[in-house]
Structures are given as structure tokens and as C-alpha cells.
Amino acid sequence: MSDTFATHLLSVTTGRTETVTDLTEDCAQFLARSAPGRDGLLNIFVPHATAGIAILETGAGSDDDLLAALQDLLPADDRWRHRHGSPGHGRDHVLPALVPPHATLPVIGGRLELGTWQSVCLVDTNTSNTNRSVRLSFLGQ
């Protein structure tokens, strides 16, 4: 692997409830190891059909508000054509169209360029899959 590209796979346990998991510190640790003092881009990708990556404020209720909004937009009922798994599981497969499975963010001087209240979060409404992988990839100089 060249000096311009580094990648790492995180394992995240999300549990049996819908969740927003803050990955910001994991991203910072990866960049400290892989991109000290460098500029480039960090891509965060969740290779699952039922989870997404969001940039939002956490800890002040926004994470719970996001889950509530997703429950309103994507109710866990029998309206979904995708019917395997637990009741309402089809909604989980629609989630990545609203909360994409990736984000690409600037890295300046080896640090993630986020706004004051922004965090990198894994959004997971699929309570049947409690183990997720998240790929962090840095591309830069």
C-alpha cells in the first residue's frame, strides 16, 4: 500500500435497539496513526444494506431526534415489499437511501475537519444484525 492511501476496518457492536453510534474518536485515532500532519480525505463506508453514516450533533438529543424521524418516515410495519427477517425489516433496506452508507470528509494537518458540534455516526435501525463493519480509508498526501 502506498503512503497516499491507508485503510482500516472497524468492528462495531450496535446491540438490539435502533442506534446512532458516534465514530468520531475512532476516526481521529485512525488518522493519528495513518495520516499524521497530512492533508487529504477520509472516507467512512459501512458495507451493509441496512445501515448508514451521518454527520450530526450527538448527546444533545439530535441522535434521538434522528431515530424518531426515521421511525416516522420508515415505520416498522407490514407495508414493505421486502419481507424477510423481522416484521417491518423492509424499512431497514430503505434507510441507506435516506442516510447513505458513506461520507467523505476533509482532513487537514492529520485532523478531521468537522464543525464544532459535528460528529461522524453510524446509524443502524436493523436490530437483527448487532455486528457491523465500518471501513475507514484515508487518501492524501
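Let me begin with a pair of strands, S1 and S8, which run antiparallel and are joined by nine bridges. If you would like one position to look at within that pairing, take Ala6, whose bridge partner in S8 is Phe138. Please keep in mind throughout that this is a predicted model, and that what I describe is computed from it.

Strand S8, residues 131–140, also pairs with strand S3, residues 40–45, again in the antiparallel sense, and here six bridges join the two. Two positions show how they line up: Leu41 stands opposite Leu139 in S8, and Phe45 stands opposite Arg135 in S8. Stepping back from these pairs, we find an open sheet of five strands, in the order S1-S8-S3-S5-S6, with antiparallel pairing. The edges of this sheet are strand S1, which covers 5–13, and strand S6, which covers 111–112, and each of them pairs on one side only.

What lies across this sheet? Helix H1, made of residues 24–34, lies across S1, S3, S5, S6 and S8, and the helix runs at about 40° to S8. Strand S5, for those following along the chain, spans 102–108.

Helix H1 brings us to the largest pocket, which has a volume of about 180 Å³. Which elements give two or more residues to the lining of that pocket? They are H1 and S6, and H1 gives the most, with three residues. The lining includes Thr24, Ala28 and Leu31, and also Arg111 and Leu112, with Gly110, Leu114, Gly115, Thr116, Gln118 and Ser119 completing the list. Sorted by class, the lining has four nonpolar, six polar and one charged residues.

Now to the other sheet I want to show you, which is an open one of three strands in the order S2-S7-S4, with antiparallel pairing. Strand S2 and strand S4, the latter covering 51–56, stand at the edges with a single partner strand each, so one side of each is left without a neighbour in the sheet. From one strand to the next, the twist in this sheet averages 30°. Strand S2 pairs with strand S7, residues 119–124, over four bridges in the antiparallel sense, and within that pairing Thr21 stands opposite Leu122 in S7.

A residue worth finding at this point is Leu66, which belongs to helix H2, residues 62–73. Which residues is Leu66 in contact with, once its neighbours within four places in sequence are left aside? They are Val20, Ala54, Leu56 and Val123. The C-alpha atom of Leu66 is separated by 11 Å from that of Glu18, although the two residues are 48 residues apart along the chain.

Glu18 leads to my last topic, the charged pairs. In general, side chains of opposite charge can pair when their charged atoms come close. In this model the count of salt bridges comes to four, and one of them joins the side chains of Glu18 and Arg91, at 2.8 Å from N to O. Where do the two partners sit? Glu18 is in the loop between S1 and strand S2, which covers 19–22, while Arg91 is in helix H3, residues 90–98, so that the pair links distant parts of the chain, 73 residues apart.

Definitions and conventions:
Residues numbered from 1 in each chain as written. Predicted model: local features only at pLDDT ≥ 70, side-chain atom pairs only at ≥ 80, totals over all residues. Heavy atoms only, no water. Pairing = 2+ DSSP bridges. Contact = heavy atoms within 4.5 Å. Axes fitted to C-alpha atoms, helices over the stretch in contact; angles between N-to-C directions. 1 Å grid on protein atoms, 1.4 Å probe; cavity = no way out; pocket = protein on both sides within 12 Å on 5 of 7 lines; lining within 4 Å. Points joined across faces, edges and corners; volume = space filled by probe spheres on them. Nonpolar A, V, L, I, M, F, W, Y, C, P; charged D, E, K, R; others polar.
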